[in-house]
Amino acid sequence: MAFTLFTYSSFLTRRRQISGGGHALNPGFSSTTGIHVSMSGFDTLEWHKDENAIDIGAGLRWDHVYDYLNPEGYTVVGGRVRGVGVAGFILGGGLSFKTNQLGLTIDTLKSCEVVLPNGTFVRASHDEHRDLFFGLKGGFNNFGIVTKFTLGVYPQTDIWGGTVILAEKDIGGAHDAVVKFADTVTDPKATLNIIYEYAEGELNAIVILFYDAPSPPPRLFDELLAIPNGKVTAASMSFATLLSAGQPRNTPRRIQDVAPVQKYTPKFLDSIANETKHWGSFLEKHHSGHFFDYVVEVFLPTYYSHGTESAWPPSRDPASVHYPVNIAFAWYEKAHDQAVWDALKTSVAKLRADAEAEGQNIENAELYPNLPIEGTPLERMYGKNLPRLRALRDVYDPERVMDLTGGWRF
């Protein structure tokens, strides 16, 4: 089967962006000053109950999927906040509240339907076009336009979760409890994130708690719930309800980057809090800053172990495992773009240096590709897989048609 999506001469002579529901923050990744091709019409949502699978159109967002499955007691391994598009999230790997149990979203991916740059329609899976399937799992849109994803479906009860909100003076008192949780809790149903945020002249931290059952085992979260002066909101709730806990703010201009870490320590968490306040206060005062978030991700060291080989991560060896600290800066004025970008890069370099000063081996950490700032070398994400991915691109896109779209280009 073949499709004609554009006149070929037009496609080759103008810059364009092909976007799903929207995910990436880098300029040109989910937006363009040229032709913007929206996938919003690809809105299939079909549950194959006998196969424990669901077809998801590339134009949808995770809200659509959860609102469809959760009332029936089922879910997928997907996004953790509302408003995130499924396509870029999946093709970049996918970190989820279910990742400790089931792996990355790509580890639950059963197949993709793809329109290749030559107009040919193919299905990629473990059984068909296996090389293409490998490349799509973490390799984004380098090989064609994905129109539909088929993911595994899993039972979902109500969950227990909520937040502990901390004012600046109380943040340091939380770090021992957070580190103890990260070091000792091995229950794959349990996880947490911490959002350090500077906005409107104040530094706060939000500890997001998650347990994948209506109630956690006794004492599992007690030390986190007992952080001095923490404002606690935690209860049994639907899975979809927790998605609003870490909901990003809307902003005119926003970028993000990632600092890798092998192990959280109180000293390193102190550094994150200090960086949040330092750059938040400086950029808010001098460069039209709006808000500044540093998000600590806590996973089990086995979170790479659930899947087969994929474009990313290039190695699933436990020695290669690290955790991403997701850093997002938001501001208002275009005139301040360079100052904010420079500040973000400086902050990432500082946190990397702090981790290395503690003896952490992150020099060759393979960065989660949904997070790095534009201009990050591909080698820092795809490592030893990059030559294989470039050879695969030569097979499926020899004329480099997909190079005209946004995103990481092999």
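Is Asn229 buried or exposed? Asn229 is exposed, with a relative accessible area of 56%; here buried means under 20% relative accessible area, exposed over 50%, and partly exposed in between, with a 1.4 Å probe and protein chains only. The structure is a predicted model, in which local features need pLDDT of at least 70 and side-chain atom pairs count only at pLDDT 80 or more, while totals for chains, interfaces and linings use all residues. Residues are numbered from 1 along each chain as its sequence is written, and side-chain values use heavy atoms, with hydrogens and water left out.

**Backbone geometry**

Most residues other than glycine have a negative phi, and most peptide bonds are trans. Asn229 has a positive phi of about 65 degrees although it is not a glycine. Asn229 is placed in the loop between H8 and strand S13 (231-237); helices (H or I, at least four residues) and strands (E, at least two) are DSSP runs numbered from the N terminus. Arg219, also not a glycine, has a positive phi of about 70 degrees. Arg219 belongs to the loop between S12 and H8 and, at 66% relative accessibility, counts as exposed. A cis peptide bond with omega of about -5 degrees joins Trp312 and Pro313, and Pro313 is found in the loop between S15 and S16.

**Salt bridges**

A salt bridge is a side-chain nitrogen of Lys or Arg within 4 Å of a carboxyl oxygen of Asp or Glu. The search of the whole structure finds 18 salt bridges. The table gives three of them.

| Acidic residue | Basic residue | N to O distance |
|---|---|---|
| Asp55 | Lys148 | 3.7 Å |
| Asp212 | Lys98 | 2.6 Å |
| Asp107 | Arg316 | 2.8 Å |

The side chains of Asp55 and Lys148 meet in a salt bridge. This pair links distant parts of the chain, with Asp55 in strand S4 (residues 53-57) and Lys148 in strand S8 (residues 145-152), 93 residues apart. Asp55 is buried at a relative accessible area of 7%, and Lys148 counts as buried at 17% relative accessibility.

Asp212 forms a salt bridge with Lys98. Asp212 lies in the loop between strand S12 (202-211) and helix H8 (222-225), and Lys98 in the loop between helix H3 (86-91) and helix H4 (99-102), so the pair ties together parts that are 114 residues apart in sequence. Both Asp212 and Lys98 are buried.

The third pair in the table consists of Asp107 and Arg316. Asp107 lies in the loop between H4 and strand S6 (109-115) and Arg316 in the loop between strand S15 (289-298) and strand S16 (323-331), so the two tie together parts that are 209 residues apart in sequence. Arg316 is buried, with a relative accessible area of 17%. In addition, salt bridges that share partners join Asp55, Glu113, Arg123, Glu128 and Lys148 into one network.

**Surroundings of Val76**

Val76 lies in the loop between strand S5 (74-75) and H3 and is buried, with a relative accessible area of 0%. Contact means heavy atoms within 4.5 Å. Leaving aside residues up to four places away in sequence, Val76 touches Ile54, Trp62, Val65, Tyr66, Leu69, Lys98, Leu151, Gly152 and Val153. Lys98 is thus a contact of Val76 as well as the salt-bridge partner of Asp212.

**Helix packing**

Helix axes are lines fitted to C-alpha atoms over the stretch in contact, and angles run from 0 to 180 degrees between N-to-C directions. Angles under 35 degrees count as roughly parallel, over 145 as roughly antiparallel, 65 to 115 as roughly perpendicular and the rest as oblique.

Helix H5 (residues 130-139) and helix H12 (residues 386-396) pack at about 125 degrees, with axes 10 Å apart, and are therefore oblique to each other. On the H5 side, Asp131, Leu132, Phe134 and Gly135 meet Arg388, Leu389, Leu392 and Tyr396 of H12.

H9 and helix H10 (residues 337-357) pack at about 165 degrees, with axes 11 Å apart, which makes H9 roughly antiparallel to H10. Residues of H9 in this contact include Phe268, Ile272 and Trp279, and those of H10 include Val340, Lys350 and Leu351.

Helix H7 (residues 175-184) has the buried residues His175, Ala177, Val178, Val179 and Phe181. Their cover includes helix H6 (168-171), strand S11 (190-199), H8, helix H9 (266-286) and S15.
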